Amino acid sequence: MNAPPRRAVSVNYHFLRTATPSQFALRAHETPERFDSQLAQISKRFPFCRADELVDLTREAPESSVMLTFDDGARDVVTWALPLLEKHGATASIFVCAQPYLEGRLLEIQKIEFLMKKLGIDGFRGAFYAGYERLFGAEIERESLDFAGSYGFYRYDDEAVRRFKLDLNYQIPYAQVIPILEALFTETFGAGSEAEAVRETYLSADELKQLMDRGFELGVHTHRHRVLPRLDFEAQKREIEIGTAFLRDLTGQTEFTVAYPYGFHDENTHRAMRELGLRAGLTMERRAIEPHDLRDRWSIPRYDVNDCFDRESNQLVDAVFSQLATGKAGSRSQGADE
Ligand SMILES: [Zn+2]
């Protein structure tokens, strides 16, 4: 247990592709070309580590490292990221939801993305609220956002778009959003299209096993990608437990790191994590990982790739990564670190 305190910057990715070859397209994604350059820039300055290596304080780990994570289990990880990760000697942690495998269903978050791209934001919004009114009436029921504290949702969108995204992802009850999305998806892409979208979008079970055999970490992104603090304790625990059981059955592994969907978590989440014997929980709080984060383990911060590389030049954002270089002799005293 005498390993020196360690710091890290975690960079989170979702989709990474050149273009989408089919009707299930995305509005935004990282490209292999940019990823190649990002890995080259990181590898010049820092070693890479997986989440499980970083959080296990009994293991040797570099004093400063960069932890790459991929959320949502996109097929892009094998198609586009893997050759580049191997080229640069980089490792990564890949977080997957169980629903596509257990039920053959697309996660709502991807259904929303595909519909937004296909119908345009205005078309999608009009169709969604018309569907809402048809099924549930003109008065919209909205859940509280109190769990998010002062988090700035969708800061770069105008108010109408922001309102719509909040409704879709955070405020209209799941029991109402899901049937509307389902009907719109079938209407837009055709009957039977969901199975095709699942095959095209997510890593297959075999690909997951291949990634593990090649030394990548497979982690839990829960069962259905719900916003955990919107659920009560029992429901949160079930979401995490089903996601964990799926990977345990697939891989035979027993210990897992969890990436909370959308990064949100609360005391009930931490209690569920403890009761399920999980290793650590990753958030989307945008800052570097410090020694105290690794002691607490349930709220490990992560940056999005857009925080870490300039959108135009793709140059590494120094304010993010210099926390590592200077972190070694940083403001925290040795005593506080230990
Ligand atoms: Zn996710």
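**Helix α7, a cavity and a pocket**

Let me begin at the end of a helix: α7 is followed by Gly190, and the phi of Gly190 is positive, near 100 degrees. I should say at once that this is a predicted model, so please take what follows in that light.

Helix α7 itself runs over residues 174-189, and its 16 residues reach 22 Å from the first C-alpha to the last, which is close to the 22 Å expected at 1.5 Å a residue. Its buried residues are Tyr174, Gln176, Val177, Ile178, Ile180, Leu181, Leu184, Phe185 and Phe189, and what covers them includes α5, α6 and α8, the last of these spanning 193-201.

That brings me to the interior, where the structure holds one cavity of 30 Å³ or more, and about 80 Å³ of space lies in the largest cavity. From α7, the residues Tyr174, Val177 and Leu181 are among those that line this cavity, and each of α5, α6 and α7 supplies at least two residues of the lining. Arg224, His225, Arg226 and Tyr262 also belong to that lining, which divides into seven nonpolar, two polar and three charged residues.

Finally, the largest pocket has a volume of about 1400 Å³, and of the 37 residues that line it, the closest to its centre are His14, Glu113, Tyr154, Asp304 and Asn306. Here β1, α5, α6 and α13 each supply at least two lining residues, with the largest share, five residues, coming from α5. By character, the pocket lining divides into 16 nonpolar, nine polar and 12 charged residues.

Terms used:
Residues numbered from 1 in each chain as written. Predicted model: local features only at pLDDT ≥ 70, side-chain atom pairs only at ≥ 80, totals over all residues. Heavy atoms only, no water. 1 Å grid on protein atoms, 1.4 Å probe; cavity = no way out; pocket = protein on both sides within 12 Å on 5 of 7 lines; lining within 4 Å. Points joined across faces, edges and corners; volume = space filled by probe spheres on them. Helix = DSSP H or I, 4+ residues; strand = E, 2+ residues; numbered from the N terminus. Nonpolar A, V, L, I, M, F, W, Y, C, P; charged D, E, K, R; others polar. Expected span 1.5 Å × (residues − 1). Buried < 20%, exposed > 50% of the residue type's maximum accessible area, 1.4 Å probe, protein only. Contact = heavy atoms within 4.5 Å.
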